[in-house]
Amino acid sequence: MGIRIRGRRLMRNSNILQVSEVKSIDEQLGDLPKGLSFFDPILRHEAKEAIEAGGEVYVYRSTEGHKNGLFIYDGYEATGTIFTKSREAFDHFYSLKPSSYIFSEYEVAENPKEDWNIWQLDVDKAPLNHRFKHHVSIESDVGELERFMAASQPETNRQWVKVALRNGDKCFVVRIANRIVSIAWMTIVGGVARSHGLYVEPQFRRMGIMSDNLQARIIYLKSRHVHTLINEIPGSNIASAGHAANAGEKIVGKIFLYASPDTKSL
Ligand SMILES: CC(C)(COP(=O)(O)OP(=O)(O)OC[C@H]1O[C@@H](n2cnc3c(N)ncnc32)[C@H](O)[C@@H]1OP(=O)(O)O)[C@@H](O)C(=O)NCCC(=O)NCCS
């Protein structure tokens, strides 16, 4: 794939700022500075998957030319994440996509938002004395996973499933009567893993299924010498937070979910 950059020059306070849309991660994104986000280790991976699934990736540069913001956006889901410590970068990306859900660790007190916690598990310290009640397996059947995701998490971009599997993401499932009833996705980059998309069919909740699913992920992570597992949970999700706390995860940070205003109200 060729390198394509679409640049946009903005005049603010007589300074020229540069925003570029990234079309090819390998050839064009270059190095990202450390400290953009808690999620630094997985940013390239997330950006690559987003582009391959039809999403958009933008880089923001300061007046000195330093990359100080990254925006990953999925138009199908109308959801994106702004990774930055710069208010200017945040404001630019926030207004770029109206009527959207926008995650960011950057806190803007005046914008309406929901608090999410970042939970972390020290994989090396996780005990291995769990007694499984359900069989957990790693599933790679694209069609079956697409169907399950479409039914259980219809907001997910359907293209993403095959992109994720192709990029090495793992999907841990529990079946009952040979039907998937529980799912948990896991991205692994170096020594860090991120779980997301945790789901158990309502009639099978509180039976220890996600505990078994998590334990299977822990065993897998230990075998791959991955030390840290992270996942984000809305502050209001009692069940998921209970599950994380029960498993020994700790809150290590915060991320906010904003709803960007409709175009009409901008
Ligand atoms: C969160 C969820 C995945 C938990 O799955 P589960 O299989 O029901 O969880 P488990 O049975 O393994 O529960 C393990 C522990 O988590 C905690 N827990 C689970 N559900 C809970 C609830 N509704 N309220 C409080 N604590 C809860 C308990 O400590 C529980 O242990 P216990 O039953 O011995 O008390 C499930 O409720 C779900 O799919 N919810 C909807 C989707 C969702 O919210 N996903 C997470 C997005 S961040």
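**Exercise 1.** In this predicted model, find which residues come nearest to the ligand, and then work out which helix gives the most to the shell around the ligand.

*Solution.* Begin with the shell itself, which holds 18 residues around the ligand, and pick out those that come nearest, namely Met210, Ser211, Ala239, Gly242 and His243. Next, look for the elements that give two or more residues to this shell, and you will find strand 11 (192-200), helix 6 (209-223) and helix 7 (238-246). Helix 7 gives the most, with six residues. Finally, sort the shell by class, which yields nine nonpolar, seven polar and two charged residues.

**Exercise 2.** Locate Glu155, and decide whether Glu155 counts as buried or exposed.

*Solution.* First place the residue in the chain, where Glu155 falls in the loop between helix 4 (142-152) and helix 5 (160-166). Then count its neighbours: Glu155 counts as exposed because it has 11 C-beta neighbours inside 10 Å, and the cut-off for exposed is 12 or fewer.

**Exercise 3.** Describe the backbone angle phi, the place and the exposure of Ser99 and of His225.

*Solution.* Recall that most residues other than glycine have a negative phi. Ser99, although not a glycine, has a positive phi of about 55 degrees, and this residue sits in the loop between helix 3 (87-96) and strand 6 (101-104). Because 13 other C-beta atoms lie within 10 Å, Ser99 is partly exposed. His225, also not a glycine, has a positive phi of about 55 degrees, and its place is the loop between helix 6 and strand 12 (228-234). With 10 other C-beta atoms within 10 Å, His225 is exposed.

Definitions and conventions: Residues are numbered from 1 along each chain as its sequence is written. This is a predicted model: local features need pLDDT of at least 70, side-chain atom pairs count only at pLDDT 80 or more; totals for chains, interfaces and linings use all residues. A residue is near a molecule or strand if its C-beta atom, placed from the backbone, lies within 6 Å of it. Helices (H or I, at least four residues) and strands (E, at least two) are DSSP runs, numbered from the N terminus. Ala, Val, Leu, Ile, Met, Phe, Trp, Tyr, Cys and Pro count as nonpolar, Asp, Glu, Lys and Arg as charged, and the others, Gly among them, as polar. A residue is buried if 20 or more other C-beta atoms lie within 10 Å of its own, exposed if 12 or fewer, and partly exposed in between; C-beta atoms are placed from the backbone.
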